[in-house]
Amino acid sequence: MKQMQLQNYIAGQWVAGTGTQTELTDAITGELIATTSSGGLDFGAMLKYGRETGGPPLRKMTFPERGRMLKALAMYLMERKEEFYQVSYRTGATKADSWVDIEGGIGNVFANASLRRALGNMPFYVDGEAIRTSKNGSFIGHHIMVPKEGVAVHINAFNFPIWGMLEKCAVNWMAGVPAVVKPATVTSYLTEAMVKAIIESKILPEGALQLIVGSAGDLLDHVESQDVVTFTGSASTGRKLKVHPRIIAESVPFNMEADSLNSIVLAPDAVPGTPEFDLFVKEVGREMTLKCGQRCTGVRRIMVPERLVEDVQQAISKRLAGTVIGDPRAEGVRMGSLVGMAQREEVRANLNELLKGSELVYGDPKSVEVTGADAKKGAFMGPILLRNDKPWKNLQSHEVEAFGPVSTLMPYKDLDDAIALSKLGKGSLVATIATNDEQAAQQFVWGAASHHGRMLVLNRDMAKENTGHGSPLATLVHGGPGRAGGGEEMGGKRGVMHYLQRTAIQGSPSMITALTQQYQQGARYHITEKHPFRLHYEELHIGDTLITEKHLVTLQNIEDFAELSGDKFYAHMDANSLEGTVFTGRVAHGYFILSRAAGLFVDPPKGPVLLNYGIEECRFLKPVYPGSTIQVKFTCREKLDQEKRPKTEDSPKGADVARGIVKWLVDVVDETGETVALATILTMVRKLDQN
Ligand code: NAP
């Protein structure tokens, strides 16, 4: 039978690498799956193709367009997920492990697709608010963030061949940047299977994704200043790549996610018999066995109060004893294998290092009983619990990562000691504390956060919905200081920023309005012939303005508003109580000013405005006293396109109307022309084109 050879995807072609082939084997059976090589590839041409072919169409798309592209991709991959599960079993992963990799990865694409509602309507992002840099306001500053014109080069670890690719690519595609993915060779057959599906789908523009299955060769010799390199893997490789001369010479951003000696702490209140004790034991058991312990976030150090070490050791051992190990496809199996024999050798070597400072209290590194498989052929290893009674003397536990089902139990004296021990890891991705004591949680989190990228407080209140110590979420940052690599990825919008260039822009308010496509205070405006509420979404332009009628504020207004709202705060009601305050008389309610402003700018009859969506910012800047006259300058500040919901079984006609969100700047001035209240309100506005 002809041997299967994996293929690289480069410049729109599937290409088999030449020269020496690496053999990739089934982690469970040891059978040869495929061979692979990246020999003969022109990595310089590959990066150039990404920059020149993949970059331009992605950059041209707006955030909503990129988001819709990602959503379509995620839906497509979800439909094909079964094929990936079948391949994933061959990496030694159980169904639950594969779920994290496959559906967790696709979920990440969905989550990034949803960011389309948070990043604006343009191909670039407008960051924060305008900054006034002159006395009279004719010269202001702002920040825009535009897509980098390079390629995102992702060098990934072997443990999550799909999640590792998708969690990174979803972000760079959202930013408008193409990717070159280089998965770890040993499990690259799974990444290749998914890339084939992605390319077949034709959902991404050509050049948005290229794949290297094999060694990275001289890839980094070709990176340029507009590229971004991300690395996930061992600290030793990461450090080597981080100081690559080309990375330094071209100032290429390099994001590193490396090994991490993550800890879990049992707080003093979580004694046996409490829900927190049980949750702690369950979490440790899960962390040690999920993905056979090959998780960068896995618990490596288990810290418990001195007096509870025995109890915890017994409870964890009992839990681990119930783990059925074997072929992930066999009935009842809860834990699969490591990804290959070479990885098992590495785990054993690191375990020997750890044993120099710890004793083995559960498990057998040399033999394991398996179900539905041949223990000799697969890369199996049962869970191993170590115990280090002198964690300040035997430092191996804080320095050596055995990237498998291996964790070390250690005592601490008090919470300050636990904090200091957690910091001996010199920077970790995540730490968990099991406690129902808010003060203990404060002490630990405030004391140890400097050394951690994420912290989880485990207790009875969140237990049912807990996503787990080991699971990074697309909406939260993932990464950690020091040993963990010093990088940061994901985190919703924050992740996208890594692929955008932030540029400060300076000019007049009108010029900054033109550049940001957001109306800036003081910019030129245009008084529309019709009331803006009579204009459809497409007919509205940034800067379209209504100057309203005026309203004389009276004491009766204050009395009436107080009665209606029930707000009888002394400053509105009692002229004798104002000594020592900023007020010189009974002041109108800020909410009255805003409500009366609405009365001035709203056009009542039914029209294109479908509803009032809310208020984004609101400031009351100057007290308004009876006798003052207010007037509103009401300006179209920003427009955000919205999607029409597709027809569903529940609403076959598509109950939705085509519409967009319009943000309005409500500038309320008094008779002196000074602003007394400033707010941004949001309305939903119907489109002319309902198709
Ligand atoms: P690794 O040996 O450092 O390899 C990581 C990646 O780097 C692989 O794609 C590898 O390719 C590539 N690589 C190796 N040498 C290279 C070189 N000279 N130039 C360019 N690329 C090179 O790590 P691993 O054994 O695959 O992964 C396990 C480690 O990753 C563990 O320590 C784990 O803690 C860490 N990890 C961290 C995270 C995180 O998010 N922080 C996530 C997962 C894993 P080849 O496979 O072709 O050698």
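Q: In which strand is methionine 490 found, and what makes that stretch a strand?
A: Methionine 490 is found in strand S21, residues 489–490. Strands are DSSP runs of E with at least two residues, and helices are runs of H or I with at least four, both numbered from the N terminus. The run 489–490 therefore qualifies as a strand. This is a predicted model, in which local features need pLDDT of at least 70 and side-chain atom pairs count only at pLDDT 80 or more, whereas totals for chains, interfaces and linings use all residues. Residues are numbered from 1 along each chain as its sequence is written, and side-chain values use heavy atoms, with hydrogens and water left out.

Q: Why is methionine 490 called buried?
A: Its relative accessible area is 2%. Buried means under 20%, exposed means over 50%, and partly exposed lies in between, with a 1.4 Å probe and protein chains only. Methionine 490 therefore counts as buried.

Q: What makes the phi of methionine 490 worth noting?
A: Methionine 490 has a positive phi of about 55°, although it is not a glycine. Most residues other than glycine have a negative phi. Glutamine 517, in the loop between helix H16 (509–516) and S23, also has a positive phi, near 60°.

Q: Why is glutamine 517 called partly exposed?
A: The relative accessible area of glutamine 517 is 34%, so the residue falls in the class between buried and exposed.

Q: How do you know that strand S7 is largely enclosed by the rest of the structure?
A: Six of the eight residues of strand S7 (residues 140–147) are buried, so the strand is largely enclosed. In the protein chain, buried residues make up 55% of the 691 residues.

Q: How do you know that S7 and strand S22 pair?
A: Two strands pair if DSSP finds at least two bridges between them. Eight bridges join S7 to strand S22 (residues 500–507), and the two run antiparallel; the requirement is therefore met. Within this pairing, methionine 145 stands opposite arginine 502.

Q: Why does strand S5 count as a partner of S7?
A: Strand S5 (residues 125–126) and S7 are joined in the antiparallel sense over two bridges, so the pair meets the minimum. Here tyrosine 125 stands opposite methionine 145. Strand S6 (residues 131–132) is likewise joined to S7 by two bridges, again antiparallel, and isoleucine 131 has glycine 141 as its bridge partner.

Q: Why do strand S23 and strand S25 stand at the edges of their sheet?
A: The sheet is open, with six strands in the order S23-S24-S26-S27-S28-S25 and mixed pairing. Strand S23 (526–527) and strand S25 (609–620) each have a single partner strand, so one side of each is left without a neighbour in the sheet. In the same order, strand S27 (residues 659–669) and strand S28 (residues 675–686) run antiparallel and are joined by eleven bridges; valine 666 has alanine 679 in S28 as its bridge partner.

Q: What makes the approach of glutamate 401 to the ligand a polar contact?
A: An N or O atom in the side chain of glutamate 401 is 2.7 Å from an oxygen atom of the ligand. A polar contact is a pair of N or O atoms within 3.5 Å; within protein, one must be able to donate a hydrogen and the other to accept it, and residues adjacent in sequence count only if both atoms are side-chain atoms. The 2.7 Å pair therefore qualifies. The ligand oxygen distances also include 2.9 Å to a polar side-chain atom of aspartate 259 and 3.4 Å to a polar backbone atom of alanine 184.

Q: Which residues are closest to the ligand, and how many surround it?
A: The ligand is surrounded by 24 residues, the closest being Asn156, Thr185, Ser234, Thr237 and Glu401; a residue is near a molecule or strand if one of its heavy atoms lies within 4 Å of it.

Q: Why is aspartate 227 called buried?
A: Aspartate 227 has 0% relative accessibility, so it counts as buried. It lies in the loop between strand S10 (209–211) and S11. A polar atom of its side chain lies 2.8 Å from the backbone nitrogen of valine 151, and one lies 2.7 Å from the backbone nitrogen of glutamate 224.
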